[in-house]
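Work through the exercises below with the sequence and the model open. Each task is followed by a solution in steps.

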Amino acid sequence: MTFKGRTVLAFILLAMFASSIMTLTIVHPSIFASVGGDSSTATVKSGLSTKDLNKIATTYQLIDSKFLSQVDRDKVVNGAINGMLSALEDPFTVYMDQKEAKQFDESITSSFQGIGAEVSSEDGKVTIMAPIKGSPAEKAGLHTHDVIIAVNGEKLDGLTLNQAIMKIRGPKGTQAKLDIMRPGSPEPIQMIVVRDDIDVETVYAEMLQGNIGKIEIRQFSSNTAKRFKDELKNLEAKGMKGLIIDVRNDPGGLLSAVVEIVEPFVPKGKPIVKIENRKGEQEDTPSQGTGKNYPVTVLINKGSASASEILAGALHDSSGSKLIGETTFGKGTVQVTFEKEMADGSNIKMTVYKWLTPNGTWIHKKGIAPDIAVEQPAFFKVAPLSKKTTLKPDTNSEDVKNLQTMLTGLGLTPDRTDGYFSDKTALAVKAFQRMQSLPITGEVDVETATRIEKAILTEIKDPKNDLQLKAATQHLQSVMPK
């Protein structure tokens, strides 16, 4: 959560998008009391002794006057600030120079061009929190917990998170060649993502069979609450008897949007979220809503982070909604941005609070477990093929293992999925090539690999293969009025 400006707006910061917006949320004014009033009247004190200040000044003076090469003053000062913040060992506490701070501010109200994935720093590694639904990152096959080790041949080791993000972002139409380490894969995977405009539409709604409404929230931005209310009203007018709210792979957004969306479902006086400071003092955000007369379920997965977790926790704890899918990401800290104090257009974002679910649970690094656990089919999480070499019978590799998983998802079942290219795997490849009017070789060259990946992406998008959605629908059918 980030507090900024004269009105002391409070934001939940859900790490940073590598190519879209920063995820933030505005909270109720009841929390402002714990902040200490208008930030413009605050006086910043160093807390350092004269000896400490002299030590720092002497270090800079020695660098400036004695170092072999002439140094850039701003670079040295910024490096000192980054060093202090790095000593805190908190991936969400960062310094932004003037350029980075400007992009940060623009990201609150503007769309971005990039790959469409939110990243954080875990153990010094740039790690995917969630690819945004429909983004180039999702289409290319990036997954939650993938680690980006290089961009277009440039290693990310030693860079701050903001510096790494600047490497990942880029103009629409340009390529980001990413070297990825994926949990369970022994070697890096190279993935090419074509940067694009990130879709600013955040809400998608439809009526499923049996008068079950489904509203998908892809991120919580400034217009999300209004769009949600409009779609909810339309579904209710059509006779909706149950609702599915889908926040899978939703990396978060404005807390004000979460509160507006959740409030109608939570009876008046019940908490939506709790904020706790370093002293253990808590502030609730009580609902002013009335509740709904139909059941609600929430779809979650490993890419549901921060603001999405607030929504899931609030609906679960305060309105009895069932959570279906997988355990969420686990981002439960709150950040404050300090701009006026820096006085030169730069910005420090620092962790100062934690947030808890209405029942008082801190979900940080643990996530929220579903009431009904449902895993998607294996091909939903398969890595793209490297296409470095033609895959042939009687070979063994991670690429072959991923190929076999894809073939299984396409209904062309090989006899194994352990990575050994067997005769039956070759037969499955030939069957696919025949269906696609490709040369029937039983080997997987670049063209065959590309066609297989395109076909499996179609299967992933087909609702009939969405086991989590099926489970949510079945649950609502069992509890809705007949």
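A residue is called buried under 20% relative accessible area, exposed over 50%, and partly exposed in between, with a 1.4 Å probe and protein chains only. Helices (H or I, at least four residues) and strands (E, at least two) are DSSP runs, numbered from the N terminus. The model is predicted, so local features need pLDDT of at least 70 and side-chain atom pairs count only at pLDDT 80 or more, while totals for chains, interfaces and linings use all residues. Residues are numbered from 1 along each chain as its sequence is written, and side-chain values use heavy atoms, with hydrogens and water left out.

**Exercise 1. Overall description**

Task: State how many helices and strands the protein has, and what share of its residues is buried.

Solution. Step 1: the secondary structure comes to twelve helices and 22 strands. Step 2: of the 482 residues, 49% are buried. Step 3: a contact means heavy atoms within 4.5 Å. Among contacts with a separation of 6 or more, 67% join residues 24 or more positions apart. Step 4: accessible areas come from the Shrake-Rupley method with a 1.4 Å probe, and for residues only the protein chains shown count as cover. The protein exposes about 22,600 Å², of which carbon and sulfur atoms supply 52%.

**Exercise 2. Helix 2**

Task: Compare the span of helix 2 with the expected value, then find which of its residues are buried.

Solution. Step 1: the expected span of a helix is 1.5 Å times one less than its number of residues. Helix 2 (residues 73–86) has 14 residues and should span 20 Å; its end C-alpha atoms are 20 Å apart, which agrees. Step 2: Asn 78, Ile 81, Asn 82 and Leu 85 are the buried residues to note in helix 2. Step 3: the arc is that of the directions from the helix axis to the C-beta atoms. For the buried residues of helix 2 the arc is 100°, so they line one face of the helix. Step 4: the face turned away from that buried side carries the exposed residues Arg 73 and Met 84. Step 5: the buried residues of helix 2 pack against strand 4 (94–96) and strand 21. Step 6: at the start of helix 2, a side-chain oxygen of Asp 72 comes within 2.9 Å of the backbone nitrogen of Asp 74.

**Exercise 3. Helix 10**

Task: Repeat the analysis for helix 10 and say what covers its buried residues.

Solution. Step 1: helix 10 (residues 423–435) has 13 residues and reaches 19 Å from its first C-alpha to its last, close to the 18 Å expected at 1.5 Å a residue. Step 2: Thr 425, Ala 426, Ala 428, Val 429, Phe 432 and Gln 433 are buried in helix 10. Step 3: seen down the axis of helix 10, these buried residues fall within an arc of 160°, so they line one face. Step 4: exposed residues on the face turned away are Asp 423, Lys 424, Leu 427, Arg 434 and Met 435. Step 5: the cover over the buried residues of helix 10 includes helix 9 (398–409) and helix 11 (446–461). Step 6: just after helix 10, Ser 437 takes a positive phi of about 55°.

**Exercise 4. Salt bridges**

Task: Count the salt bridges, and place three of them in the secondary structure.

Solution. Step 1: a salt bridge is a side-chain nitrogen of Lys or Arg within 4 Å of a carboxyl oxygen of Asp or Glu. By this rule there are 23 salt bridges. Step 2: Glu 231 and Arg 227 form a salt bridge at 3.1 Å, N to O. Both are in helix 6 (residues 224–237), and because they are four residues apart, about one helical turn separates them. Glu 231 is buried at 19% relative accessibility.

Step 3: Lys 229 and Glu 260 form a salt bridge at 3.0 Å, N to O. This pair links distant parts of the chain, 31 residues apart, with Lys 229 in helix 6 and Glu 260 in helix 7 (residues 255–262). Lys 229 is partly exposed at 39%, and Glu 260 is partly exposed at 35%.

Step 4: the closest N and O atoms of Glu 276 and Lys 354 are 4.0 Å apart in their salt bridge. Glu 276 lies in strand 16 (residues 271–276) and Lys 354 in strand 21 (residues 347–356), so the pair ties together parts 78 residues apart in sequence. Glu 276 is buried at 15%, whereas Lys 354 is partly exposed at 24%.

Methods: A polar contact is a pair of N or O atoms within 3.5 Å; within protein, one must be able to donate a hydrogen and the other to accept it, and residues adjacent in sequence count only if both atoms are side-chain atoms.
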